[in-house]
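The questions below ask why certain labels apply to this model. Each answer sets a value against its definition.

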Amino acid sequence: MTTGAHHQRWPATVAVLIALACQFLVPDQVSIGPTWVLPALQLTLLLPLVATNPVRLARDHPVLRVLAVVSAGAVLLANAATLIHLVVLLLAGSTISSQRLLVTGLVLVTTNVIATSVVLWELDRGGPFARDPSHHRVPGAPDLLFPQAGLPEATDRPWIPTYLDYLFVGFTMSTAFSPTDTLPLTHRAKVVYMLGASVAITTFVIVAARAANIL
């Protein structure tokens, strides 16, 4: 782990902005309402967090904590809702070109990876502030079991996961459809895993198969 990397907020902020930008690539036929509505709502939730902690995690407040969790959850749920809407359209016999389906599938998978990683980053042990021993918030029970936490060389100084670690979890969850090296320990983490894996496998099986004229 890079020294002080767990203090940084900007990687998660950049990831969320990428997820929001991807929403504008979703075809109007698949989008739930105007394409700008969901990104605008999510950006409104994100702005206070960026304004108070633009680069590093320095200022903590219960309101900011709620906004962080709501913002992350909104991206995850909005992506799942878009997938459900797409499945309904396909079952209803709507004609969507293979190119648009492939673009939509890529957006859904990319957003799913980012959304699940940010949600886990915000939830694990009470969030990044709680995981950081330099802050005074009391950490909760671990939601995820990272393999690095049990390594012998990690005993001298506690290992603290950075956002990149959670991004890797989101990526493997969305490609392997299951835990790989990092196990969910709590019910809320398992729900996030199940939701993320369900979105990913549905996207690959239904969208990709339909786009290739298999279904």
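Angles under 35 degrees count as roughly parallel, over 145 as roughly antiparallel, 65 to 115 as roughly perpendicular and the rest as oblique. The model is predicted; local features need pLDDT of at least 70, side-chain atom pairs count only at pLDDT 80 or more, and totals for chains, interfaces and linings use all residues. Residues are numbered from 1 along each chain as its sequence is written, and side-chain values use heavy atoms, with hydrogens and water left out.

Q: Why are helix 4 and helix 6 called oblique to each other?
A: Their axes cross at roughly 130° and come within 8 Å. Axes here are lines fitted to C-alpha atoms, for helices over the stretch in contact, with angles from 0 to 180 degrees between N-to-C directions. The helices, residues 98–123 and 163–176, are DSSP runs (H or I, at least four residues; strands are E, at least two), numbered from the N terminus. An angle of roughly 130° falls in none of the named ranges, and therefore helix 4 and helix 6 are oblique.

Q: Which residues make the contact of helix 4 with helix 6?
A: Contact means heavy atoms within 4.5 Å. Among them are Asn112, Ile114 and Trp121 of helix 4 and Tyr163, Phe171 and Met173 of helix 6. The contact has 11 nonpolar, 5 polar and no charged residues, where Ala, Val, Leu, Ile, Met, Phe, Trp, Tyr, Cys and Pro count as nonpolar, Asp, Glu, Lys and Arg as charged, and the others, Gly among them, as polar.

Q: What makes helix 3 roughly antiparallel to helix 4?
A: The axes of helix 3 (residues 62–91) and helix 4 cross at roughly 155° and come within 9 Å. The cut-off is over 145, so helix 3 is roughly antiparallel to helix 4. Arg65 and Leu90 of helix 3 and Leu101 and Glu122 of helix 4 are among the residues that meet. By class, this contact has 15 nonpolar, 7 polar and 2 charged residues.

Q: Why is helix 1 described as roughly antiparallel to helix 4?
A: For helix 1 (residues 10–23) and helix 4 the crossing angle is roughly 150°, with the axes within 9 Å. Roughly 150° is over 145, so the description holds for helix 1 and helix 4. The contact includes Ala12 and Cys22 of helix 1, and Val107 and Trp121 of helix 4.

Q: How do you know that aspartate 143 and arginine 188 meet in a salt bridge?
A: The rule asks for a side-chain nitrogen of Lys or Arg within 4 Å of a carboxyl oxygen of Asp or Glu. In this pair the N to O distance is 2.8 Å, so the rule is met. By this rule the count comes to 1 salt bridge.

Q: What does the pair of aspartate 143 and arginine 188 tie together?
A: Aspartate 143 lies in the loop between helix 5 (128–131) and strand 1 (144–145), and arginine 188 lies in helix 7 (residues 187–211), so the pair ties together parts 45 residues apart in sequence.
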